[in-house]
Amino acid sequence: MNTTQGITTSGDFAEIKERLGIGADKVYGVIGAFSEPDELVKAGRKIKEMGYTKLDAMTPFAVHGIDDALGIPYSKIGWIVISIGLCGTATALLLIWWVGAINYPLVIGGKPLFDFTFSIPVTFELTVLFSAFAAVLGMLGLNGLPRLYHPSLRYSHSHRATDDRFLLVIEADDPKFDALQSVEHLKSVGAAAVEVVEG
Amino acid sequence: MSLISIKSKTGPKYWRSLDHLADTPEFREWVHREFPVSASEMLDGKSRRTVLKLMAASFGLAGLTACRRPVEHILPNVAGIEDYIPGAQYYYSTAMPLGGQVTGLLIETHDGRPTKVEGNPGHPSSLGAATAIQQASVLGIYDPDRSSKVLEGGKESSFPKFEAAVKALSLADGSGLRFLSGLVMSPSLSALRAQALAKFPKAKWVEYEPVARDNETAGTTLAFGQPLYPHAQYDKAKVVVALDSDFLGLDSTAPLPTKLFSKRRRVHAEEDVDKINRLYAVESQFSLTGANADHRLRLRGSEIPQFAADLATGLGALPGTLVVVGNGSGDKRTKFLGAMIKDLKSAGTEALVVAGARQPASVHALAYLINQSLGSLGTTITFTKPPAEKVDPNALSGLEAFRALAAEMSSGQVSTLVILGGNPAYTSPADLQFAVALSKVTNSIHLGLEDDETAAAAKWHVPEAHYLESWGDTRARSGVAAIQQPMIDPLYGGRTAAEMVALLIDAKDKKAYDIVKNYWLNQWPGAGKDAAAVKEKTWRESLNAGVIASTKTVENIKASVDAKKVAAAVAAEPKPVAAGVEVGFYPSAAAWDGRFANNGWMQEAPDPITKLTWGNAAMISPATARAQNLTDGDIVTLSRGNVKLEAAVMIQPGHADNAASIALGYGRERCGPVGQDVGFNAYLIRTSDAYWFGQGFTIAPTGKTHKHATTQEHGTIGDQGVNAEHQNGRPVVREATLEEYKKHPKFAEEAQEVPALESIYPQVIYDKGYQWGMSIDLTSCTGCNACVVACQSENNIPVVGKDQVMRGREMHWIRMDRYYTGAEDDPTIVEQPVPCMQCENAPCENVCPVAATTHSPEGLNDMAYNRCVGTRYCLNNCPFKVRHFNFLNFHKHDPDVAGLVHNPDVSVRMRGVMEKCTYCVQRIEEARINAKVDGRRAIKDGEIKTACQQTCPADAIVFGNINDPASRVSALKKQERNYAMLAELDIRPRTTYLAKLRNPNPELQA
Amino acid sequence: MSVVVEQDPALLVVNPRLVPGGQDYHDVTNKISGIIEGEVFKTPMKYWITLSVTGGILVLLGAMLTYLVATGIGVWGNNRPIGWAWDITNFVFWIGIGHAGTLISAILFLFRQKWRTSINRSAEAMTLFAVACAGIFPLFHTGRPWRAYWLFPIWNSDLNLWQNFRSPLIWDVFAVSTYGTVSALFWFTGLIPDLATIRDRATTKVRQWVFGVLALGWRGSARHWRNYEAAYLILAGISTPLVLSVHTIVSFDFAVSVIPGWHTTIFPPYFVAGAIFSGFACVMTLLVIARWSLNLHDLITIKHLENMCKIMLVTGSIVGYAYGTEFFIAWYSGNGYERFTFLNRAFGPYYWAYWTMISCNVLIPQLFWFKRMRTSIPVMFVISITTNIGMWFERFVIIVTSLHRDFLPSSWGYFRPTWVDMCTFTGTIGLFLTLFLLFARFLPMIAMSEVKGVVADEKHKFKGQELVAR
Amino acid sequence: MAVIFPKASDLVLKTIGAVVGLGAVLGIAAYAYYTYPTVIDTGYQPQQPVPYSHKLHAGQLGLDCFYCHATVYKAAFAAVPPTETCMNCHKRVKDRSPRLEVVRQSYASGQPIPWIQIHRLPDYVYFNHEAHLSAGVSCVTCHGRIDQMIEVHQDQPLNMAFCLECHRNPAPNIRPAELVTKLDWVPDRDPAEIGREIIAQKHLEPPTNCSGCHR
């Protein structure tokens, strides 16, 4: 079934559980919506203080501060880029040296077979080219993209996350996760439309 | 902008052509027009096709294709040919007659195709050199537009039919029979003529050439009372005076005069400095001789007889006192005359005065008289008797004979006219109405290379065999005879003149080979039983040497001039009339008298002086242009009496005022596509009374204009604001007078403007093995173009056509740059051949993205055509602009046969690739392989001759190994006059120049 | 099976406007997505007419290139000595235009220039299209385009021949292809979140699928944003020197040669300034049109445009200064060839090109000293166009007037373009406009996610609140 | 609704990606292999008009290469023998053999035998047999063991890389000039050593610059 299953927070949870036939193991997590980034950040910080560790947010644009609030680690992309970029540098220099001085040493215009001076432009360009690919592909890789399906998309209003809503997610594999409580916690920090989303 | 103007350190200021000196309104208007849109490009490249197609000798393409590649067949001969190596080149001797002169040649052939013409060092009128026209003549043999069929009344016929028709002719005593030929230079043909005239006693044989030296012979007859052949010994003369004589150019179809003259124009050692000769030129049109003269006087052709007379008087050769014609002592003519007289006197027996073919007999006679009075007769100019066959009393020759013939024809006295070669219907003087007269002849037979104007007018037309495909013989004016042997069977089954005559008189031998061979076998003494063998041997030796040994020595005639007769003749000369414009007629440096009009190489070879290609023009002086209110390219009507011609004018600095000169040989109406309607037909106004020059022409603008295809102007537009002085300071051609040279011998180096750049990289050292280099002596170079055409022939350089030339896309690997110096009205000219400089730090190499042009260990700037992608970056970055790009497929419209002229040792470049001079690397490699194969020896100095060097009549180009201190080129490069163009760019050119020296008369310096 | 879910009313209403007259997230989404969400065949007729016109010109380009390849470079006006003319002029011209895009995105991003957000997307797109146009010329100006692949370092087992890395033209090949690739990456990276927005707003299956795939499954997760932001920052970081390097290297094509007028050290800065100049001019032209035709007045404000005018004023003056310097150095160097070249530029056969260049690039932009001019749409529109004309002439002047009269007077020449030259250039304009129109119709012209970010900041400034500090 | 693609779609996506990637790699590899000169050029063995066996003549009968290809040591161009050369022997030997019909016809009619060319260089390459033979490069180096081929096929790629390899390091392919046609010659010691001696003594310096072969 690909219709998003939501649960309103009214009523008895056990009963709901039984009606829906879902257990915590089949739950992706609990999601609640905010309408302003700063509300999201504040709420996120509170939830974190409650001891949750597996938190995420879904926002239409990069909300500054949310990473710290939810304790999301720094991106490693920089390291990827610099290492691949240096590979680019090496490739260029090796190529020029091998082509000019090893593969077919020809005197051209009385210039040396290989020289740093006339290698600069190509070396620079290849460095940049490699780095750029590293940055983009690295980003996608780290984000596990492309990925067409994701459980969080089952949240009724997930489409608003690319429009004007700021969603806070408590994932089910959080040791402290408990569907009922987490729902309450989210509500307590002012989230609207809190739902338990099935995995 | 005086602030920024350059002060030139040395010598004269250069300006390139009028539009730079004059800022003409027409040009300014042109400038204002933003981007005149050219019509879509025209692909009229007449040029040559890839070699692959042409290995007809051994390969043939097959249609089949295999799975992986097309099947190529090898078709070997069925029977082996002894000592024949496929693909190798062989040289055969022959001789080319033109305009009454003969030049002995060696023809390079590949697989039976003649591909290249070179001079025969053993032949006295070549000495190894060949002129541009001779170089180009090899293209003529493959001319696809050459006549290939017998025509009767313009309809296709056949040889048998023609022979039958000839048999049917009832010639009786030949009273109605006339022969018309060019100047007969062939002993065997002369013999046949004698037979013919013996068989038909009433017949007549007329020799006529539109461009010939009749006046010269007439001059000797006048002066010595007998016809003699004069031979100017330019190498013996210290002071040469040329009276309207272009002996370095149009007046000699043989390279000999240049060869001799340049011997005294070369400073290779200290003592040569004092040997260097001095040349005075008195002429109307700016000629090569004028360009190379130390002093040049502009006079109209009709004023020159008076000048000659004054000169003779001044030298005391003529009685009377010198009457100064001109406006007082300030007049250049007077000064000139005075200085010249002194100079000639002091030169004495080393003086030489020559008159040009255009001048009347009296002037020639005067010249001989002057030489006699100077005591130089017999030293600087010698005389020989014409060969026996030439003094035949029945032999009629020259304009008078031709005029008489025309009269006979039009009065219906001629029933049978046999035209042996030539194109009289086109070349005859306008007033003789030859074409009309021809129509009155019942049986007119035309033997010709082309289906031309005459072929159309004649009843019968028979294709003539090209000189490279026919057996024949020649006797030069010096008396030396040579066998003319064919390189290939007649491609279009042509006949030779001798064969025609033999057929007509039903002689014993009818094949050219038999005619020639038997003639000579009979000439040679031989008795006893082995006579035959001896003669056979002589025959082979003659073929091998290219000259017939027994004819080598001809004794010089000691004759003296009859001053009185000459004086009388001079007095009888009509005095020039002031009225109207004088028009002079000159053979074209390209088309000659029109016979080479369909030769692409010649059409595209820029005129040595005007740089005009693909056409001629009426040359007028700037003053005349101002007076007539004409500008470059205006089409005018030249008319006189009932003849008139529309022709475009071209402004020629230094041309005589109130006169126009126009080259013959253009405006052909019935010709191959190459020469069809190119230029203006000057024969239309050349009448027998205005044969070389005629006065009283009127010149009237038509309002129409014409665009000249010049290679050095290329539509560059007259400068605005920036006056032409600006690039004058550029030390491109460096020259000095002898005095200056003696004062500072290093003037050439000192001329360098800009401080030299230095490389951030260590200089690559070329000190191993052969290091090729070239030295070009600007002092001896006359700018005759022979090198340009030789290069074209050697390196399969395409012809691009008029339209492409106008777009600046001509392909000549070595070009002849011409710069004017001095005043617009009376400038001097310097010529500079510019091949690739083979820079050691070549700017072109650095910028090629695909390494298509790289440096060889021997210092050559290699060009791998097959690697080139054609970015043209190298062309941009070449300071000399000697790289040439195939903008279009210049071989597209080639007929297959045209490709047979290709040199198989050089690849034919395709569209979209760059090409350039490589010092004839194919010759270098060949020499290297030969050297290795025979005993791994080293290549000797002078063993490799580049095509340009090989043919240079002035020996101005020397190529060799600069790593060998003993080589000629190293010696030359050690000279103080040695300089490299644009050396300041740190490009280290391998081609260097020896600065030009002039030897002016100090008196005329001021 | 499903459960009736009771909706949270709060989600049905859009938040109250916190910024009076300002924009809120949803308005931004609506406005920008709205442009491209209409039914294709409901697009106004004028769009299709314009598109068909530009498309026609594009066809002309195809025809010209076919003719060129079939016949040879001879169909152009190029000759000896002028081996390069309109071909390379157009190349440098388009590359120059291609500079503003990445520059606006990258440098302004690094300087945290918020005003860039409304223009960077279209500027980047413009870069891509300009580079596409530019790329045509180096490829087709070769005499044998079918061999043009020899310009790239591809293994060649038959010849085992490679490139000559001493040649500026090879540097160029690397620079331009790198620039094109990196710009494309940069542009696409920026598009991802917006593509997701479109996807989520999509109503038809087709759109859902197409944008679903294009968006790569972006869902705005905070973890993703973290990597995304880092990557984007790095891209901006490396693109900035890249932009500068590209025109520097293009200028090496000339600076490294020996030809007077080319062989000069001031080319790199001078070319870069010129490129930015022309680039901004072109962005301006397009934005003014877009702003008017799609009424984006509140997204592309007069402030944005004025800033651009200022940049044009600065770069234009730099270029003018460079012209002056060239002349001075030519005189000061004492090198006769140099002197002649520059006098010849100003007073020789091509003086009209030179003075067109001077007036369009140096004189006219000086109007931007006056605020009235900087803020008048028609004025800036006209000036942006004259600037592009002027910059084309700059390249023409540098290339043709230097080549047509270099060292040896004997080999001087004159260049006249043929109709093929002209149609080819016109054709590239067609290509450029066609691509831009398609982009404007089918992709979000403005970076929604970034604009929203700015909107958020605005709001909090309004509320006097600071964003939670890191 | 936000969920557009079912859970499975990511698997599909990955599979597609993998397949495309693999396909591309294989495609490039295949192209590279099949266009590699040694693959595309060597082994070309067309059907000749006459079933002439080099194995028989050059191998078993031991005819010297020069007997038929007479020009190789004095010209750039290695001529295929004229029909006459065949008939020198075959006037008497096997003068009735039907397999020689074509040859006899050619001899009688004067029409050349349309041999099919096997070893072929582009027309911008100037190879000179004379130079190579005099330097001591054997026929084997480029043509292989012709004396073992019944029908001749192309043995070496004969592309530029092939030429350069030897021009850069000629030693292994240089032998005493008189042995060049001894296709079965087996040196008693390291051929490279012999080669080096000859190179030193003959001052061989094979060119590797462009104009060495392209003019």
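Colleague: Let's start with the open sheet in chain B: which strands stand at its edges?
Modeller: This is a predicted model, and in it chain B has an open sheet of eight strands with mixed pairing, in the order S8-S7-S20-S19-S18-S9-S10-S17. An edge strand has a single partner strand, so one side of it is left without a neighbour in the sheet. In chain B that describes strand S8 (155–156) and strand S17 (396–397).

Colleague: Staying in that sheet, what is the bridge partner of B:Arg178 in S10(B)?
Modeller: Strand S9 (residues 177–181) and strand S10 (residues 204–207) of chain B run parallel, and four bridges join them. On the S10(B) side, B:Arg178 is matched with B:Lys204.

Colleague: On to the salt bridges. How many residues apart are B:Lys332 and B:Asp826?
Modeller: Those two form a salt bridge, with 2.4 Å between the closest N and O atoms. B:Lys332 sits in helix H11 (residues 332–347) of chain B, while B:Asp826 is in the loop between strand S33 (815–821) and strand S34 (828–834). The pair therefore links distant parts of the chain, B:Lys332 being partly exposed at 35% relative accessible area and B:Asp826 partly exposed at 25%. Along the chain they are 494 residues apart.

Colleague: And the salt bridge of B:Asp817 with B:Arg815, are its two residues buried or exposed?
Modeller: The closest N and O atoms of that pair are 2.8 Å apart. Buried means under 20% relative accessible area. B:Asp817 has 1% and B:Arg815 has 10%, so B:Asp817 counts as buried and B:Arg815 also counts as buried.

Colleague: Which residue of the B:Glu840 and B:Arg988 salt bridge counts as partly exposed?
Modeller: The closest N and O atoms here are 3.6 Å apart. The two residues are 148 residues apart, B:Glu840 in the loop between S34 and helix H27 (843–847), B:Arg988 in the loop between strand S40 (978–979) and strand S41 (991–994) of chain B. At 11% relative accessibility B:Glu840 counts as buried, whereas the one that counts as partly exposed, at 39%, is B:Arg988.

Colleague: How many salt bridges does the structure hold over all chains, and how many lie between chain A and chain C?
Modeller: One of those between chain A and chain C pairs the side chains of A:Glu171 and C:Arg223, at 3.7 Å from N to O. Over all chains the structure holds 72, and between chain A and chain C the count is three.

Colleague: What area is buried between chain A and chain C?
Modeller: The contact takes in 81 residues of chain A and 75 residues of chain C. A:Phe61, A:Glu125 and A:Thr162 supply 9% of the area that chain A buries against chain C, more than any other three residues. Carbon and sulfur atoms give 64% of the total, which is about 6,900 Å².

Colleague: Which element gives the most to the side of chain A that touches chain C?
Modeller: Across this interface there are 21 residue pairs in polar contact, both at pLDDT 80 or more. The elements giving two or more residues on the chain A side include helix H1 (13–20), helix H4 (77–103), helix H5 (116–142) and strand S4 (192–198). That side divides into 47 nonpolar, 18 polar and 16 charged residues. The element that gives the most, with 16 residues, is H5(A).

Notes: Residues numbered from 1 in each chain as written. Chains lettered and ligands numbered in written order. Predicted model: local features only at pLDDT ≥ 70, side-chain atom pairs only at ≥ 80, totals over all residues. Heavy atoms only, no water. Contact = heavy atoms within 4.5 Å. Buried area = accessible area lost by both parts, 1.4 Å probe. Salt bridge = Lys/Arg side-chain N within 4 Å of Asp/Glu carboxyl O. Polar contact = N/O pair within 3.5 Å; in protein donor to acceptor, adjacent residues only side chain to side chain. Nonpolar A, V, L, I, M, F, W, Y, C, P; charged D, E, K, R; others polar. Buried < 20%, exposed > 50% of the residue type's maximum accessible area, 1.4 Å probe, protein only. Pairing = 2+ DSSP bridges.
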